[in-house]
Amino acid sequence: MRTKSLKKNKINVITLGCSKNVYDSEVLMGQLRANGKEVEHEAPAEKEGNIIVINTCGFIDNAKAESVNMILEYADKKDRGLVDKVFVTGCLSERYRPDLEKEIPNVDQYFGTTELPQLLKALGADYKHELLGERLTTTPKNYAYLKIAEGCDRPCSFCAIPLMRGSHVSQPIEKLVKEAEGLAKNGVKELILIAQDLTYYGLDLYKKRNLAELLEALVKVEGIEWIRLHYAFPTGFPMDVLDVMKREPKICNYIDIPLQHISDSILKSMRRGTTQAKTTQLLKDFRAAVPGMAIRTTLIVGYPGETQEDFEILKDFVQEMKFDRMGCFAYSHEENTHAYLLEDDVPDDVKQARANEIMELQSQISWDLNQEKVGKVFKCIIDRKEGAHFVGRTEFDSPDVDNEVLIDASKHYVKTGEFVNIKIIEATEFDLYGEPA
């Protein structure tokens, strides 16, 4: 028999997908807390509360499967009386709401990516406009994501993000500065700037690409020591950003610039608006303008029509460019995208083999680059203690996706959330080992 919970309502928010979803969950939780609600982020089962909100990802097949499995898990818990209510929000429900409502009907309600006020109402809370920029951060206290824009106007053939997130909308500089000041007051030292496309920032509001001006304003925020750039689209990159990066010590010499591919025929089909020659020149310009900058990229293999020759061109490019950081994904055939009209003609095992080959190549590059760091001293932020190590990062590494610096906790003590100079004593492909200098 189903038992109704008599305890006070407690809301558990579960976040799947990218850092933009993390940010959205934090805003939701900030609103709930301001409404006097008890709210937790991904609480363990024994403390998880009776109301569940799942913030889903709908980007590629694996992410969709993870989101669906999570919804099914909690729909089942609701059936068994372990939780009272289940709400689903985010990209998956924006994209597939009618299907989800039909297939998993005992979820209480589904919400899209722009329906925060409606979701709050369903949770018995009011949307408070005066909380603009305030949120309950879920990351370690020393860093936080700052979402400078929502949506995307790029026409990339393989990408479903505009379907889920809508057109590009920049946040005003004053609002972002106010938000950064609030984060700094709470002990945040590193801002990670995110958007679907940072390089487009400001075009809608200021009629020009205005990322450099935003950076100039953010470096003035007291308490912020590092500012990191994520997801910069290569076409139309505002080169004045590099001048600010070189001039301002607070801006990490780091950029995440998803290139996806390099073969001209694939770039054209992907509708990326660039060529191999232009991309190669752009990266050379980056390195000339900011010597020593770390460049992270992501690549897609197995896109429709990708021949062995296209793949060899990509491999040669990876070998030549020696990216500091890289991720590689097998192409996912997404309905309602332009590429869905093409035949998904690269077999899954070939896609996976190509992704593995690229990452194998990258691990050797990463090994070589990391060996060069041995014996050198780097300013590191200490994120956490895990097992026998304190875990930190250099300015060339972003949380969760890049190298970590491991410090033996049985020999050394460093304070989490603080900056420490660390001498690198050993390195593997994806980790550095160090001691306080």
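Reader: Let's start in β17: which residue there is the bridge partner of I381?

Author: Keep in mind that this is a predicted model. Strand β14 covers residues 377-386 and β17 covers residues 419-427, and the two pair in the antiparallel sense over 5 bridges. Within that pairing, the bridge partner of I381 is F419.

Reader: And what is the order of the strands that close into a barrel?

Author: There are 5 strands in the closed barrel, and their pairing is mixed. The twist averages 55 degrees from one strand to the next. Going round, the order is β14-β15-β16-β18-β17.

Reader: How many residues sit between β17 and β18 in their hairpin?

Author: β17 and β18 (residues 431-436) pair in the antiparallel sense over 5 bridges. One pair to look at there is I422, which stands opposite P436 in β18. The hairpin formed by β17 and β18 has a link of 3 residues.

Reader: Over to the open sheet. Which strands stand at its edges?

Author: This sheet has 5 strands in the order β2-β1-β3-β4-β5, with parallel pairing. A strand at the edge has a single partner strand, so one side of it is left without a neighbour in the sheet. Here that goes for β2 (38-41) and β5.

Reader: Is strand β4 largely enclosed or not, and how many of its residues are buried?

Author: The cut-off for buried is under 20% relative accessible area. β4 takes in residues 85-90, and it is largely enclosed by the rest of the structure because most of the strand meets that cut-off. The count of buried residues is 5 of the 6.

Reader: Which residue in β4 does T56 stand opposite?

Author: T56 belongs to the pairing of β3 (residues 51-56) with β4, which is parallel and runs over 6 bridges. Its opposite number in β4 is G90.

Reader: What is the handedness of the crossover from β3 to β4?

Author: After β3 the chain goes through helix α2 (residues 61-79) and then reaches β4. That path is a β-α-β crossover, and its handedness is right-handed.

Reader: On to β5: which residue there does V88 stand opposite?

Author: β4 and β5 (residues 109-110) pair in the parallel sense over 2 bridges. Together with helix α3 (residues 91-103), these strands make a right-handed β-α-β unit. As for V88, the residue opposite in β5 is Y110.

Reader: UniProt has a "binding site" here. What is the largest C-alpha distance among its residues?

Author: The unreviewed UniProt entry lists C18, C57 and C91 for that feature. They are spread over 74 residues of sequence, yet they cluster in space. The largest C-alpha distance is 10.6 Å.

Reader: Is C91 buried or exposed, and at what relative accessible area?

Author: C91 is found in helix α3. Buried means under 20% relative accessible area, and C91 falls in that class because its value is 8%.

Reader: How does C18 count, and at what relative accessibility?

Author: C18 lies in the loop between β1 (10-15) and α1 (19-34). The partly exposed class lies between the 20% cut-off for buried and the 50% cut-off for exposed. C18 counts as partly exposed, with a relative accessibility of 31%.

Reader: What does UniProt list for residues 9-128, and how far apart are the end C-alpha atoms?

Author: The unreviewed UniProt entry gives this range as "domain: MTTase N-terminal". Over residues 9-128 the chain is 46% helix and 20% strand. The end C-alpha atoms are 20 Å apart.

Reader: Are α8 and α9 roughly parallel or roughly antiparallel, and what is the handedness of their crossing?

Author: The axes of α8 (residues 211-218) and α9 (residues 240-247) come within 8 Å and cross at roughly 25 degrees. Angles under 35 degrees count as roughly parallel, so α8 is roughly parallel to α9. The crossing of the two helices is left-handed.

Reader: Last one: how far apart in space are S363 and H129?

Author: S363 has its place in helix α13 (residues 348-371), and at 12% relative accessibility S363 counts as buried. S363 and H129 are 234 residues apart in sequence. In space, C-alpha to C-alpha, the distance is 47 Å.

Technical notes. Residues are numbered from 1 along each chain as its sequence is written. This is a predicted model: local features need pLDDT of at least 70, side-chain atom pairs count only at pLDDT 80 or more; totals for chains, interfaces and linings use all residues. Side-chain values use heavy atoms; hydrogens and water are left out. Buried means under 20% relative accessible area, exposed over 50%, partly exposed in between (1.4 Å probe, protein chains only). Helices (H or I, at least four residues) and strands (E, at least two) are DSSP runs, numbered from the N terminus. Two strands pair if DSSP finds at least two bridges between them. A crossover is right-handed if, with the strands pointing away from the viewer, the path from the first strand over the helix to the second runs clockwise. UniProt positions are given in the numbering used here, feature names are shortened, and annotations may be inferred rather than shown by experiment. Axes are lines fitted to C-alpha atoms, for helices over the stretch in contact, and angles run from 0 to 180 degrees between N-to-C directions. Angles under 35 degrees count as roughly parallel, over 145 as roughly antiparallel, 65 to 115 as roughly perpendicular and the rest as oblique. A crossing is left-handed if the near helix is turned anticlockwise from the far one by less than a right angle, and right-handed if clockwise.
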